[in-house]
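Trainee: Hi! Could you walk me through this one?
Mentor: Happy to, let's put it on the screen.

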There are 2 protein chains.
Amino acid sequence: MRLLVARCEVRYSGRLTAILPEAVRLLILKADGSVLIHDDAGGYKPLNWMTGPTFMEELGDVLVVRKAKAEDTLEIRLVEVLSDVVQDMGESAALQKDGVERDLQELLAASPSALGEALTLVKREWATEVGPVDLMCKDDDGEWVAVEIKRVGTIEAVEQLTRYLGFIREDPAKAGCRGVLAAQSIKPQAVALAESREIRCAEVDLAVLRGEREPDLTLFG
Amino acid sequence: MRLLVARCEVRYSGRLTAILPEAVRLLILKADGSVLIHDDAGGYKPLNWMTGPTFMEELGDVLVVRKAKAEDTLEIRLVEVLSDVVQDMGESAALQKDGVERDLQELLAASPSALGEALTLVKREWATEVGPVDLMCKDDDGEWVAVEIKRVGTIEAVEQLTRYLGFIREDPAKAGCRGVLAAQSIKPQAVALAESREIRCAEVDLAVLRGEREPDLTLFG
DNA sequence: CGTGCCAGGTGCCAT
DNA sequence: ATGGCACTTGGCACG
């Protein structure tokens, strides 16, 4: 990894064009060809960048970075280099995540009745022509139930499930298929839209699903 | 900006939990409190991060970063510091972009007939209950036309426009409102879905709109 | 390869 | 604050 701190001006041309006026920036040149230009503020996103693999040319004080198979170009004009260091970082293990949608899906697949009604899992990632339904289940009456799982339930999630249901119900055997939107939290607008389309909403708690915590009890109920 | 190259292990706990096994990484501590942990590969994204503003504590060899008003925590255990540099980067001007959806919208607002039919602009960003329509126009017959503009036209764009049209047509005066999806490129699936919903698709060229290039001529037509 | 979809998405701007 | 949406979205998994 090469770290450059330099006064520079950057021009990007590709899907859009962008100009970054001359100032002091941090340039990160990674082993995989990625180039990032960071500011001293503004958080997570680089101001300009190019993801690897790339081809790099040094024409005098101008660094030109190009994508392999596109016309994307990043031109870095170095005015004053304040620091230029190369660091060997060796191999590194990958990030281990826990608590993303995939985990929620696994837990619900294992106990679909956590959705608040007796359900039996038939298949995960049931393919339709317009994308995969997260869970396909059957209820006590043998009726099909399509479940869409999200970390946050939004209008988009309702649209997505509606699209799936449209295709699923084309099959006469599944014409009565119901839809359930399951998420850790669901926006009120999404709930409203879901209700208008007769899609049931179910908020689920990861900790409860894992048995780490007791479900909320409705007192005096 | 403080740049640390260090062998370290990182734990994040917040919307999910994540563990980054011990290895040599680049730590960027920005003036606004942002903390980024980058690898020598893996492109544009930090492995772990926290956007500013944050509170930072140094407990021995462990750096603890917390969000102001959330339970998000980033714990960085420093095993071996290979480099630790502070760089003063001063002020810097913002990135200037050109060619994003906004620009396309401005150009089409100025000459809506570039969409391939005689149209008169009535209003940009016409508010509906479910979001703003990019352009509301009228055609030669005085009929309303709602235009959704995208850089890339996808199924989602068709869904979005469909949602708008549903609300617009509730007004009897606009019951006959047509929909047009305008984009620099439109996916075949989006075209198919649009056709099934009687939404017209129009591919537009930024350079042509700007008059930088002649429209494609159909020879022998 | 394209197509669809998730992401700790982030960032921007509206009400 | 919340919602809706663009983003050089990036990244991955699957047909």
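Mentor: One term before we start: helices (H or I, at least four residues) and strands (E, at least two) are DSSP runs, numbered from the N terminus. Keep in mind too that this is a predicted model.
Trainee: Got it. Where is B:Glu198, then?
Mentor: B:Glu198 sits in the loop between α3 and β13 (199–203) of chain B. Its phi is positive, about 55 degrees, although B:Glu198 is not a glycine.
Trainee: Is B:Glu198 buried or exposed?
Mentor: Exposed, because B:Glu198 has 9 C-beta neighbours inside 10 Å, and a residue with 12 or fewer counts as exposed.
Trainee: And what about phi at A:Glu198?
Mentor: A:Glu198 has a positive phi of about 55 degrees, and it is not a glycine either. You'll find A:Glu198 in the loop between α3 and β13 (199–203) of chain A. With 9 C-beta neighbours inside 10 Å, A:Glu198 counts as exposed.
Trainee: How do chains A and B relate?
Mentor: Chain B superposes on chain A through a rotation of 180 degrees with 0.0 Å of shift along the axis, at an RMSD of 0.2 Å. That is the relation of a two-fold axis.
Trainee: Why do we say the copies meet through the same surface?
Mentor: Because 98% of the interface residues of chain B are also interface residues in chain A.
Trainee: Switching to DNA: which residues are closest to strand C?
Mentor: The closest are A:Gly43, A:Val100, A:Glu101, A:Gly131 and B:Gln189, out of 25 residues that surround DNA strand C. The elements giving two or more residues to that surface are α1 (101–110) of chain A, plus β4 (48–50) and α3 (188–196) of chain B. β4(B) has the largest share, with 3 residues.
Trainee: What sort of residues are they near strand C?
Mentor: The surface near DNA strand C divides into 10 nonpolar, 7 polar and 8 charged residues.
Trainee: And around strand D, which come nearest?
Mentor: A:Gln189, B:Gly43, B:Val100, B:Glu101 and B:Gly131, from the 25 residues around DNA strand D. At least two residues each come from β4 (48–50) and α3 (188–196) of chain A and from β11 (144–153) of chain B. The split near DNA strand D is 10 nonpolar, 8 polar and 7 charged.
Trainee: Last thing: what kind of peptide bond joins A:Gly52 and A:Pro53?
Mentor: A cis one, with omega about 0 degrees. A:Pro53 lies in the loop between β4 and β5 (54–59) of chain A. A cis peptide bond also joins B:Gly52 and B:Pro53, and B:Pro53 belongs to the loop between β4 and β5 (54–59) of chain B.

Note on methods:
Residues are numbered from 1 along each chain as its sequence is written. Chains are lettered from A and ligands numbered from 1 in the order in which they are written. This is a predicted model: local features need pLDDT of at least 70, side-chain atom pairs count only at pLDDT 80 or more; totals for chains, interfaces and linings use all residues. A residue is near a molecule or strand if its C-beta atom, placed from the backbone, lies within 6 Å of it. Ala, Val, Leu, Ile, Met, Phe, Trp, Tyr, Cys and Pro count as nonpolar, Asp, Glu, Lys and Arg as charged, and the others, Gly among them, as polar. Copies are superposed by least squares on the C-alpha atoms of residues with pLDDT of at least 70 in both. Two residues are in contact if their C-beta atoms, placed from the backbone, lie within 7 Å. A residue is buried if 20 or more other C-beta atoms lie within 10 Å of its own, exposed if 12 or fewer, and partly exposed in between; C-beta atoms are placed from the backbone.
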